[in-house]
Amino acid sequence: MRDRDVMNLLDQLELYTLDSGRKEPSQKDYWLFVYKSMKSGLLMTKNMEKHLRYKLKALDIQP
């Protein structure tokens with residue numbers, strides 16, 4: 001898979017999670033979870049890390 005494909009999938013997962021009816025998870029929680037999970041599992045390419053850091057910065061989160 002290309003990085004863009006994976007990020008599109010993650011965007012779709014975000015929408016599903018936020019629309020799932022549970023009010024607890026927030027967009028910030030979701031993207032921080034994704035970042036930490038991918039970083040710890042060594043699944044992150046440089047491009048993906050750049051994109052995720054951009055997302056976290058836009059949400060005012062420091063990883």
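1. Secondary structure. The chain contains three helices and zero strands. Read from the N terminus, the order of elements is α-α-α. The model is a predicted one, and the points below should be read with that in mind. The helices are α1 (3-18), α2 (27-40) and α3 (46-58).

2. Burial and surface. The chain has 63 residues, of which 27% count as buried. The area exposed by the chain is about 5,000 Å², and 55% of that area is supplied by carbon and sulfur atoms. Among contacts with a separation of 6 or more, 46% are between residues 24 or more positions apart.

3. Nonpolar core. In soluble globular proteins, nonpolar side chains tend to be buried together. Here the largest nonpolar core has 14 residues, and Leu10, Trp31, Val34, Met38 and Leu52 are those with the most contacts inside it. Each of α1, α2 and α3 supplies at least two residues of this core. The largest share comes from α2, with five residues.

4. Met38. This residue is among those with the most contacts inside the core. Leaving out residues up to four places away in sequence, Met38 touches Leu10, Leu43, Met44, Met48 and Leu52. Two of these partners, Leu10 and Leu52, are also listed with Met38 among the best-connected core residues.

5. Aromatic pair. The structure holds one aromatic pair. It is formed by Tyr30 and Trp31, whose ring centres are 5.1 Å apart; their planes stand at 85°, so the pair is edge-to-face. Tyr30 has a relative accessibility of 10% and therefore counts as buried, since the cut-off is under 20%. Trp31 is also buried, with a relative accessible area of 0%. Trp31 belongs to the core residues with the most contacts as well.

6. Leu56. This residue is in helix α3 and is buried, its relative accessible area being 0%. With residues up to four places away in sequence not counted, Leu56 touches Trp31, Leu32, Tyr35, Ile61 and Pro63. Trp31, one of these partners, is the tryptophan of the aromatic pair. The C-alpha atoms of Leu56 and Asp29 are 9.9 Å apart in space, while the two residues are 27 residues apart in sequence.

7. Salt bridge between α1 and α3. Three salt bridges are found in the whole structure. One of them joins Asp11 and Lys55, with the closest N and O atoms 3.5 Å apart. Asp11 lies in helix α1 and Lys55 in helix α3, so this pair ties together parts that are 44 residues apart in sequence. Asp11 counts as partly exposed, at 22% relative accessibility. That value is not under 20%, so Asp11 is not classed as buried.

8. Salt bridge between α2 and α3. Glu49 pairs with Lys39, the closest N and O atoms being 2.9 Å apart. Glu49 is in helix α3 and Lys39 in helix α2, so to speak of the pair is to speak of a link between distant parts of the chain, ten residues apart. Lys39 is partly exposed, with a relative accessible area of 40%. The contact between these side chains is also recorded as a polar contact of 2.9 Å.

9. Salt bridge within α3. Glu49 also meets Arg53 through their side chains in a salt bridge, at 3.3 Å from N to O. Both residues lie in helix α3 and are four residues apart, about one turn of the helix. Arg53 is partly exposed, and its relative accessible area is 42%. Lys39, Glu49 and Arg53 are thus named together as a network of salt bridges.

10. Other contacts of Glu49. Besides the salt bridges, the side chain of Glu49 makes a polar contact of 3.2 Å with the side chain of Tyr35. Not counting residues up to four places away in sequence, Glu49 touches Tyr35, Lys39 and Met44. Tyr35 is also touched by Leu56, and Met44 by Met38. When checking the model on screen, Glu49 can be viewed together with Tyr35 and Lys39, both of which are polar-contact partners of its side chain.

How values were computed: Residues numbered from 1 in each chain as written. Predicted model: local features only at pLDDT ≥ 70, side-chain atom pairs only at ≥ 80, totals over all residues. Heavy atoms only, no water. Core = buried A, V, L, I, M, F, W, Y, C linked by side-chain atoms within 4.5 Å. Buried < 20%, exposed > 50% of the residue type's maximum accessible area, 1.4 Å probe, protein only. Contact = heavy atoms within 4.5 Å. Phe/Tyr/Trp six-rings, centres within 6.5 Å; stacked < 30°, edge-to-face > 60°. Areas by Shrake-Rupley, 256 points an atom, 1.4 Å probe, with all protein chains shown as cover. Salt bridge = Lys/Arg side-chain N within 4 Å of Asp/Glu carboxyl O. Polar contact = N/O pair within 3.5 Å; in protein donor to acceptor, adjacent residues only side chain to side chain.
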